[in-house]
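Student: Could you take me through the nonpolar interior of this protein, one piece at a time? I'd like a close look at how the packing is laid out.

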Amino acid sequence: MKASVGLNIVVAEDYDEMSKIAAELVAGAVAEKPDAVLGLATGGTPMGLYKELVGLHRAGAADFSRITTFNLDEYYPIQKTNEQSYSFFMNENLFNHINVDFGRVHIPDGEAKDPEAECAAYEARIAAGGSIDLQVLGLGVNGHIGFNEPADCFSAATSLVNLTQSTIDANKRFFESEAQVPRQALTMGVKTIMMARRILMLASGGAKADIVRRFIRGPVTPQVPASALQLHRRVTVVLDRAAAAGL
Ligand code: F6R
């Protein structure tokens with residue numbers, strides 16, 4: 001796929017096609033650079049992408065043995081064994097099914113005793129890894145990326161954040177009840193995300209159409225954290241038709 005400088009938009013027919021296009025892009029980046037550093041997201045949106053990557057690996061078409069990964073975020077506090085933890089999610093949806101080296105998999109530690117120290121260490125690990133080659137992102141209905149919620153200023157480095165009610169409401173579908181959704185999370189900052197060499201943002205479904213329009217066509221504002229991506233050199237946004245409806 002040819003991409004020019006700035007923010008490129010690809011509109012797929014549906015979720016499956018969006019996932020296939022995204023997988024081609026991720027697998028292509030790894031084929032080009034077998035020791036690529038990938039930034040990864042959780043949530044409903046990238047599940048199809050991960051399924052495609054597992055399929056490519058099983059077909060012998062993708063080798064992940066030399067990649068390094070950094071996940072965007074993790075709830076806080078949460079046990080890794082908790083099925084709702086992002087650590088559990090990544091193992092279930094991707095890592096257990098590909099030939100990744102678990103020694104090079106990084107997810108913020110939701111069990112850390114000192115969350116601030118964990119965030120500083122996580123940021124340092126990303127920097128030591130030579131920074132992220134390709135960062136996969138989903139989009140919150142409130143415009144968040146990672147767990148960087150709408151705010152008065154853009155967040156910088158990885159930090160402990162409070163989730164907004166909108167995010168708690170959006171994510172309660174994964175929990176037995178709203179009360180079980182953790183109220184805090186550890187997340188890469190907007191600056192951490194913006195330092196990635198390349199960004200792949202995915203969004204699907206009509207519920208995202210309004211925020212897709214606002215983050216791409218609206219002003220760059222910390223009230224819509226994803227709008228910062230307008231300032232990045234190399235962003236590919238892959239949408240399905242429903243999510244692209246407002247453009
Ligand atoms: C997940 C993450 C979040 C999600 C966003 C969209 O690691 O960082 O920003 O990408 O909340 O979630 P879904 O895909 O479930 O709509």
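Tutor: Here is a walk through the main core, starting from a single residue. Keep in mind that this is a predicted model, where local features need pLDDT of at least 70, side-chain atom pairs count only at pLDDT 80 or more, and totals for chains, interfaces and linings use all residues. Residues are numbered from 1 along each chain as its sequence is written, and side-chain values use heavy atoms, with hydrogens and water left out.

Let's start with Val26, which sits in helix α1 (residues 15–32); helices here are DSSP runs of H or I with at least four residues, strands are E runs of at least two, and both are numbered from the N terminus. Val26 has a relative accessible area of 2%, so it counts as buried (buried is under 20%, exposed over 50%, partly exposed in between, with a 1.4 Å probe and protein chains only). Setting aside neighbours within four places in sequence, Val26 is in contact (heavy atoms within 4.5 Å) with Leu38, Leu49, Leu53, Leu134, Val136 and Leu200.

Some of those names come back in the largest nonpolar core. A nonpolar core is a set of buried Ala, Val, Leu, Ile, Met, Phe, Trp, Tyr and Cys residues joined through side-chain atoms within 4.5 Å. This one has 33 residues, and Leu49, Leu53, Leu94 and Leu200 touch the most other members. Two or more residues each come from β1, α1, β2 (37–40), α2 (47–58), α3 (86–93), β6 and β9 (198–203). The top contributor is α1, with eight residues. In soluble globular proteins, nonpolar side chains tend to be buried together.

Now look out from Leu200. Beyond its neighbours within four places in sequence, Leu200 is in contact with Ala22, Leu25, Val26, Leu134, Gln135, Val136, Leu137, Thr236 and Val238. Leu137 also turns up in a second, separate core of 28 residues, which includes Ala226, Leu239 and Ala243 as well.

For a contrast, try Thr158, in the loop between β6 (134–137) and β7 (159–162). Thr158 is at 8% relative accessibility, so this residue counts as buried too. Its side chain makes a polar contact with the side chain of Glu123 at 2.6 Å (a pair of N or O atoms within 3.5 Å; within protein, one must be able to donate a hydrogen and the other to accept it, and residues adjacent in sequence count only if both atoms are side-chain atoms). Not counting residues up to four places away in sequence, Thr158 touches Cys119, Tyr122, Glu123, Thr187, Met188, Gly189 and Thr192.
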